[in-house]
Amino acid sequence: MSNTLIINDAIMRMLSAAARHFLKTAAKEAAARGQELYAIGGIVRDGLMSRPANDLDLSTDRDAIDLAKKLAGLTAGKLTRHPRFGTATITCDDFHADIATLRRETYEKPGALPVVAPGSLKDDLNRRDFTVNAMACRFAPEPAGELVDPCHGQADIAARLIRVLHSGSFRDDPTRVWRALRYEQRLGFRLEDATEKWLRRDAPRLADISGERLRYEIECVCREDRPEDIFRRAAALGVLDTLPGLNIDDETRLRFETARTLYLPKKPPAAVYLSLLTFNMNIEALDGFIVRLRLPRKAALVLRQTNGLMLKLPGLKEDAKPSAVTTLLQDTDVNALRVALAAAGSRSVKRQIGDYLDKYRHVRPLLNGDDLLAMGIAPGPALRETLRRLRSARLDGLSRTKQDEMALVAGYTSKTP
Ligand code: ATP
């Protein structure tokens, strides 16, 4: 009796209608050209687990870019070629498909990028990170649907285990450390015992990878539904020691959850989660973190502003007027304010930041610059200062109408020597 498992329908069921149509077209085209075509990696794992999948990873035995070019034309997708890697990406409405030529990878130096050469399906599966990601399903030539599972990924799915393919896997590519924790938490699996041992042993090698690669991994963590679980697990396994000074405590989970509610229905940007982990670092440690991850300027600003703001917040009196709250908060990025709202310990400070975000920051004086010029205020600093005072007055309930503001302006000017 054959042990062949047919899983193409299980994969198809987890795809959007557009992705399903694309895969059918790809299989037909590959067959017409006499090429092999496999769905490979995460899409097979997700199909076997009945989890929805957005992205298609496909591999063929030759000419991936040429096949991709034809498929982009047939499906009105946008083609991006990566000739250095012999791969191409086709972006369609609600998914993208990566098409690669089957390849073999060898690591000449641990932590360096691999040397790539054409290879067989088995070679291609053997270069992968975990058994659950080292499966393929044939879509061309017919008969389609056969599961190719030389590393026993299906058994590990059943046992809910993340298992590397060999003892040197994390040493070859330390980014797999973060990938392992990501899959473990996302899928509700656990690290297989030897895998956990090797991960603990080789995690310090994360220190050797470039800032860009490390940042990519950390950003992937931040895109998961509950990054806090991954960071806490990383702390427990000693992985977080490779990013010194990060702050994980019992409150972290709560702060992450609060931050998420502030961004619904979207997810918070990575900089928000990272700010929640760094807000009470000292400034040298924070600079070190930003440099290590080569954070882009905008993200670094959110981390720095949050850090600075958290130092200033204790100075905010419980009965501070709205104008005083606004003066303290108005030059701070909204993301940093949301982090501070999630991280602040004091209820009154949380309320004040919330009021600033919801109300105060939208308040403007009723008189505008032209009105003030017409009233004889000089352009430049005097005009700016008058607008600021009018805004403060409105925030603090000292003026409600244009007439109130005109009276205030008259008062300011009569007092000016
Ligand atoms: P996700 O659902 O996060 O997209 P995925 O499994 O599709 O999961 P990708 O990062 O898109 O993950 O990678 C696609 C496939 O490429 C993986 O399933 C895995 O087989 C392989 N892969 C990716 N990164 C590595 C790596 N660092 N080492 C070995 N194999 C990798």
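Reader: Let's start with one residue. Which helix is Thr386 found in?

Author: Thr386 sits in helix H20, which covers residues 381–395. Keep in mind that this is a predicted model.

Reader: Okay. Is Thr386 buried or exposed?

Author: The idea is to look at relative accessibility and compare it with a cut-off: buried means under 20%. Thr386 has 9% relative accessibility, so it counts as buried.

Reader: What does the side chain of Thr386 reach?

Author: Look back along the chain. The side chain of Thr386 gets to the backbone oxygen of Ala382, at 2.7 Å. For contacts, set aside residues up to four places away in sequence; Thr386 then touches Leu372, Ile377, Val409 and Tyr412.

Reader: Can we try a charged residue? Where is Glu105?

Author: Glu105 belongs to strand E6, residues 103–106. With 16% relative accessibility, Glu105 counts as buried.

Reader: Which side chains does the side chain of Glu105 make polar contacts with?

Author: Find the two arginines. One polar contact goes to the side chain of Arg103, at 3.1 Å. Another goes to the side chain of Arg127, at 3.5 Å. Arg127 also turns up in the contact list of Glu105, next to Pro114, Val115 and Val116, once neighbours within four places in sequence are left aside.

Reader: Now the ligand. How many residues surround the ligand, and which are the closest?

Author: Start with the shell, meaning the residues around the ligand. There are 15 of them, and the closest are Arg45, Asp173, Arg176, Tyr183 and Arg186. By type, the shell divides into 10 charged, 4 polar and 1 nonpolar.

Reader: Which atoms of Arg45, Asp129 and Arg186 should I look at?

Author: Check whether the side chain or the backbone is involved. In Arg45, a polar side-chain atom lies 3.0 Å from an oxygen atom of the ligand. In Arg186, an N or O atom in the side chain is 2.7 Å from an oxygen atom of the ligand. Asp129 uses its backbone: an N or O atom there lies 3.1 Å from a nitrogen atom of the ligand.

Reader: How much of the ligand does the protein cover?

Author: On its own the ligand has 590 Å² of accessible area, and the protein covers 74% of that. Helix H3 (42–48) and helix H8 (175–187) are the elements that give two or more residues to the shell. H8 supplies the largest share, 6 residues.

Reader: How many disulfides does a search of the whole structure find?

Author: First the general idea: a disulfide is a covalent bond between the sulfur atoms of two cysteines. Here the search finds 0 disulfides.

Reader: Why is there no bond for Cys92 or Cys137?

Author: Distance is the reason. The closest cysteine sulfur to that of Cys92 is in Cys137, 20 Å away, so it is too far for a bond. For Cys137, the closest cysteine sulfur is in Cys151, and 16 Å is too far as well. Cys92 counts as buried at 16% relative accessibility, and Cys137 is buried with a relative accessible area of 0%.

Reader: Which residues of helix H11 are buried?

Author: In H11 (residues 227–237), the buried ones are Pro227, Glu228, Asp229, Ile230, Phe231, Ala234 and Leu237. Their cover includes H8, strand E11 (190–191) and helices H9 (193–202), H10 (211–223), H12 (251–263) and H13 (270–278). Just after H11, Gly238 takes a positive phi of about 85°.

Reader: Which residues other than glycine have a positive phi?

Author: Ser50 is one of them, with phi near 55°. Ser50 is in the loop between H3 and strand E2 (56–60), and at 52% relative accessibility it counts as exposed. Arg294 is another case, with phi of about 45°. Look for Arg294 in the loop between helix H14 (283–292) and helix H15 (297–312).

Reader: Last one: where are cis peptide bonds?

Author: Check omega at the prolines. Ala140 and Pro141 are joined by a cis peptide bond with omega of about -5°, and Pro141 lies in the loop between strand E8 (136–140) and strand E9 (147–148). From Leu264 to Pro265 the peptide bond is also cis, with omega near 5°. Pro265 is in the loop between H12 and H13.

Key:
Residues are numbered from 1 along each chain as its sequence is written. This is a predicted model: local features need pLDDT of at least 70, side-chain atom pairs count only at pLDDT 80 or more; totals for chains, interfaces and linings use all residues. Side-chain values use heavy atoms; hydrogens and water are left out. A residue is near a molecule or strand if one of its heavy atoms lies within 4 Å of it. A polar contact is a pair of N or O atoms within 3.5 Å; within protein, one must be able to donate a hydrogen and the other to accept it, and residues adjacent in sequence count only if both atoms are side-chain atoms. Accessible areas come from the Shrake-Rupley method with a 1.4 Å probe; for residues, only the protein chains shown count as cover. Helices (H or I, at least four residues) and strands (E, at least two) are DSSP runs, numbered from the N terminus. Ala, Val, Leu, Ile, Met, Phe, Trp, Tyr, Cys and Pro count as nonpolar, Asp, Glu, Lys and Arg as charged, and the others, Gly among them, as polar. A disulfide is a pair of cysteine sulfur atoms within 2.5 Å. Buried means under 20% relative accessible area, exposed over 50%, partly exposed in between (1.4 Å probe, protein chains only). Contact means heavy atoms within 4.5 Å.
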